[in-house]
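Here are some notes to read alongside the structure. I have grouped them by region, so you can follow them with the viewer open.

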Amino acid sequence: MPPKSDSVEGIVLTFVNEQNRPLNSQNVADALQKFSLKKTAVQKALDALADSAQISFKEYGKQKIYLARQDQFDIPNGEELEEMKKANSKLQEEIAEQKKITSEVESEIKSLQSNLTLEEIKSKEAILQSEVQEMEEKLNKLQSGVILVKPEDKKIIEESFSERVTQWRKRKRMFKELWDNITENSPKDQKEFKEELGLEYDEDVDVTIQPYSEMLASLNKRRKVSR
């Protein structure tokens, strides 16, 4: 006689039949935690169901594997299996088509969201006009010969810039020499080793010393001419 559906055996039997795959007592206990069933109660129910032949089981050493009785399920014949394959194939095509439509709709939504509203356009225009006016005022001051930066401040800035670029170049060279010595005979892939150590090159953060070196060279050249 089948157990009541709300009893421990009934809950366990329903779960085993629904899963219809090999399970051990731990699998079942973990899955049925929502019913506040302890593993000992689950194990007892599994053994009782196996003893009454309501489920099948196999012993592998000290472990028991439980499985739903297969004679309770309708097994499709070859023709039915072929029909099921065709139906599954059709469903897969419909899913793929729905995914394509969903992707197109999401793309359209993103495109619409990226477009500015009329109010946003007006606000952006006002900001740009303000920036243009500010730049024009600076340009007029420069053209009229007004000094915007004091010579002593300019000197401090140029010396600070020169010192930082020089230190940057020096430290890059020191790191390269040290890194080459460390990795010369290392069997590790350099890229993986670098990621493992959490190292980042300038290029990894879209920075390069080249333009700053060129600015420093130009600055040094102007200094020599002005002397």
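1. Met215 sits in helix H8. With a relative accessibility of 49%, Met215 counts as partly exposed, because the exposed class begins over 50%. Please keep in mind throughout that this is a predicted model. Met215 belongs to a nonpolar surface patch together with Val205, Val207 and Tyr212. Taken together, these side chains offer about 330 Å² of accessible area.

2. Asp206 deserves a look while you are in this region. Its place is the loop that runs between helix H7 (190–197) and helix H8 (210–226). Asp206 is not a glycine, yet its phi is positive, at about 60°. Most residues other than glycine have a negative phi, so this is a backbone angle to check by eye. Is Asp206 buried or exposed? Asp206 is exposed, because its relative accessible area of 76% is over the 50% cut-off.

3. Ser36 makes a second case of this kind. Ser36 has a positive phi, near 60°, and is a residue other than glycine. You will find Ser36 in the loop between helix H2 (25–31) and helix H3 (39–51). At 65% relative accessibility, Ser36 counts as exposed.

4. How many salt bridges does a search of the whole structure find? The search finds 5. One of them joins the side chains of Asp47 and Lys64, with N to O at 3.5 Å. Asp47 lies in helix H3 and Lys64 in strand S2 (residues 63–68), so this pair ties together parts that are 17 residues apart in sequence. Both partners are partly exposed: Asp47 has 23% relative accessibility, and Lys64 has 29%.

5. Another salt bridge pairs Asp202 with Lys172, where the closest N and O atoms are 3.2 Å apart. This one links distant parts of the chain, since Asp202 is in the loop between H7 and H8 while Lys172 is in helix H6, 30 residues apart. Asp202 is buried, because its relative accessible area of 18% falls under the 20% cut-off. Lys172 is partly exposed, with a relative accessible area of 32%.

6. Glu196 and Lys188 also form a salt bridge, and their closest N and O atoms are 3.1 Å apart. Glu196 is exposed, with a relative accessible area of 55%. Lys188, at 42% relative accessibility, counts as partly exposed.

7. Helix H6 covers residues 151–183, which makes 33 residues. How far does helix H6 reach from its first C-alpha to its last? The span is 48 Å, close to the 48 Å expected at 1.5 Å a residue. The buried residues of H6 are Glu158, Ser162, Val165, Trp179 and Thr183. You may want to colour these residues to see how they are placed along H6.

8. Asp180 is also found in helix H6. Asp180 is partly exposed, with a relative accessible area of 34%. Along the chain, Asp180 and Gln190 are 10 residues apart, and 9.9 Å separates their C-alpha atoms.

9. What kind of charge gathers in the surface patch of Arg169, Lys170, Arg171 and Arg173? The charge of this patch is positive. Arg169, one of its members, is found in helix H6. The relative accessible area of Arg169 is 34%, so Arg169 is partly exposed.

10. A surface patch of negative charge is made by Asp74, Glu79, Glu80, Glu82 and Glu83. Among them, Glu82 has its place in helix H4 (residues 78–114). Glu82 counts as partly exposed, because its relative accessibility of 40% lies between the 20% and 50% cut-offs.

Terms used. Residues numbered from 1 in each chain as written. Predicted model: local features only at pLDDT ≥ 70, side-chain atom pairs only at ≥ 80, totals over all residues. Heavy atoms only, no water. Patch = residues over 30% accessible without salt bridge, like charges linked within 9 Å, V, L, I, M, F, W, Y side chains within 5 Å. Areas by Shrake-Rupley, 256 points an atom, 1.4 Å probe, with all protein chains shown as cover. Salt bridge = Lys/Arg side-chain N within 4 Å of Asp/Glu carboxyl O. Lys, Arg positive; Asp, Glu negative; His and termini not counted. Charge placed at Lys NZ, Arg CZ, Asp CG, Glu CD. Helix = DSSP H or I, 4+ residues; strand = E, 2+ residues; numbered from the N terminus. Buried < 20%, exposed > 50% of the residue type's maximum accessible area, 1.4 Å probe, protein only. Expected span 1.5 Å × (residues − 1).
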